[in-house]
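Hi everyone, thanks for making room for me on the agenda. I'd like to walk you through one structure, so please have the viewer open and rotate along with me.

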Amino acid sequence: MQDRGAGGSEDCQVIMAHATIYVGFTVPQLLRGASRIFPTHSALVVMRHSDFCYCTVNGTIKSKRKMDHLERTANNFRQEVISQAKVCGITNESETVKRLCLAIANKDFTFKAGQWVDFFIPRVSVVGGFSICSSPGLLEREGILELAVKHTLHPPANWIHTECTLDSEVALRVGDLHEYQEGKGNGYKMGTVKLYYSAKNTSELLFKKNLLGLMNAFPGKITCHFHVTQQSSQICKELKPHVTEGRISEKDLEKHVSKDTLWYICGPPPMIESISKLLSNIGVPRNCVFFEKWW
């Protein structure tokens, strides 16, 4: 939801799983994708609101220079199809995030849950990179794709928040982080996913209604724990049982440690460094931890 060249806010998320956890996808698609691609495992995800829209690669945080989106993802797979798209809807998902609805012109344009798009804007030299927050089914049925983009000063994100209007035209190309494992029939066993999602306040917990819906649809398979760090208003009755005030802590995560759990972290560098160190302290092997590198 946010452009990859941007920095982070205070919000973060962590997902853990007995099998696998994804970071940087749209949360609903992220959770469904985790169950599909790693069907026999569980997953734990730690995520931070500000970095919802980035896809990622496992690695070590080293570079001090901010690379742009195309540099960071130069070795990642891209589809050959570049499609023209027209903005057909703009809504405020929160005070800092806009949802962009795009009508896709090319009928050969396809994607799978968890993929991102290279976002080309006329007269803007910097190429954006945003995770797709709608389902492949919406594209198949209506020819529509949606992005959720957090406001930053990075040119593509800033353009979406300050200049983009209905009927604005852009171009899109789908990218991915790894070779997809195609489903082999319907005989797989769904794993479990646990999401720890932190934001400044509940209004910045994007897609919370979708997440609550997924928990109800898949009881025992998908669970979500929301954290807020600067909540000033009353928390609604529906959300309150799932919200903790304060940051994600070692105590929250240590009960999920097992040899079968994979951990996915999404957030700005300080958050990723902090959570990575926390996981190391509670005995999580480094090769079980995955995080985004979109800064």
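Let's start with strand 12, residues 262-266, and strand 13, residues 289-291: they pair in the parallel sense over three bridges. If you want a residue to click on, Y264 stands opposite F290 in strand 13. Before going further, please keep in mind that this is a predicted model.

How much of strand 12 is buried? Five of its five residues are, so the strand is mostly covered. You can check that on both faces: L262, Y264 and C266 are buried on one side, and W263 and I265 are buried on the other.

Now bring in helix 7, because strand 12, helix 7 and strand 13 together make a right-handed β-α-β unit. Helix 7 covers residues 269-281, and its length makes a nice sanity check. With 13 residues at 1.5 Å a residue, the helix should span 18 Å, and its end C-alpha atoms are indeed 18 Å apart.

Which residues of helix 7 are buried? They are M271, I272, I275, L278 and L279. These residues cover an arc of only 130° around the axis, which puts them on the same side of helix 7. The general background is that an α-helix has 3.6 residues a turn, so residues three or four places apart point the same way. On the other side of helix 7, P270, K277 and N281 are exposed. Just after the helix ends, G283 takes a positive phi of about 90°.

Let's move to another β-α-β arrangement. Strand 9 runs over residues 193-199, and six of its seven residues are buried, so the strand is largely enclosed by the rest of the structure. Strand 9 runs parallel to strand 10, residues 222-228, and seven bridges join the two. For orientation, K194 stands opposite T223 in strand 10. To get from strand 9 to strand 10, the chain crosses through helix 5, residues 208-217, and this β-α-β crossover is right-handed.

Helix 5 has its own buried set: L211, L212, L214 and M215. Seen down the helix axis, those buried residues fall within an arc of 160°, so they line one face of helix 5. K209 and N216, on the other side of helix 5, are exposed.

Next stop, helix 4. Its buried residues are P156, A157, W159, I160 and H161. And what do they pack against? The list is strand 4, strand 5, strand 6, strand 7 and strand 8.

I'd like to pause on H161, which is found in helix 4. Its relative accessible area is 18%, and since the cut-off for buried is under 20%, H161 counts as buried. Leaving aside neighbours within four places in sequence, H161 is in contact with T96, V97, K98, V149, K150 and H151. You can also draw a distance from H161 to I90: these residues are 71 apart along the chain, and their C-alpha atoms are separated by 9.6 Å.

For the backbone fans, here are a couple of phi angles. As a general point, most residues other than glycine have a negative phi. R123, however, has a positive phi of about 70° although it is not a glycine. R123 sits in the loop between strand 5 and strand 6. Is R123 buried or exposed? It counts as exposed, at 84% relative accessibility.

D167 is another residue other than glycine with a positive phi, near 80° in this case. You'll find D167 in the loop between helix 4 and strand 8. D167 is exposed too, with a relative accessible area of 52%.

Let me finish by zooming out to the whole protein chain. Its secondary structure comes to seven helices and 13 strands. Of its 295 residues, 55% count as buried. Among contacts with a separation of 6 or more, residues 24 or more positions apart account for 77%. Finally, the accessible surface comes to about 13,700 Å², and 50% of that belongs to carbon and sulfur atoms.

That's my tour. Thanks for listening, and I'm happy to take questions.

Methods:
Residues numbered from 1 in each chain as written. Predicted model: local features only at pLDDT ≥ 70, side-chain atom pairs only at ≥ 80, totals over all residues. Heavy atoms only, no water. Helix = DSSP H or I, 4+ residues; strand = E, 2+ residues; numbered from the N terminus. Expected span 1.5 Å × (residues − 1). Buried < 20%, exposed > 50% of the residue type's maximum accessible area, 1.4 Å probe, protein only. Arc of directions from axis to C-beta. Pairing = 2+ DSSP bridges. Contact = heavy atoms within 4.5 Å. Areas by Shrake-Rupley, 256 points an atom, 1.4 Å probe, with all protein chains shown as cover.
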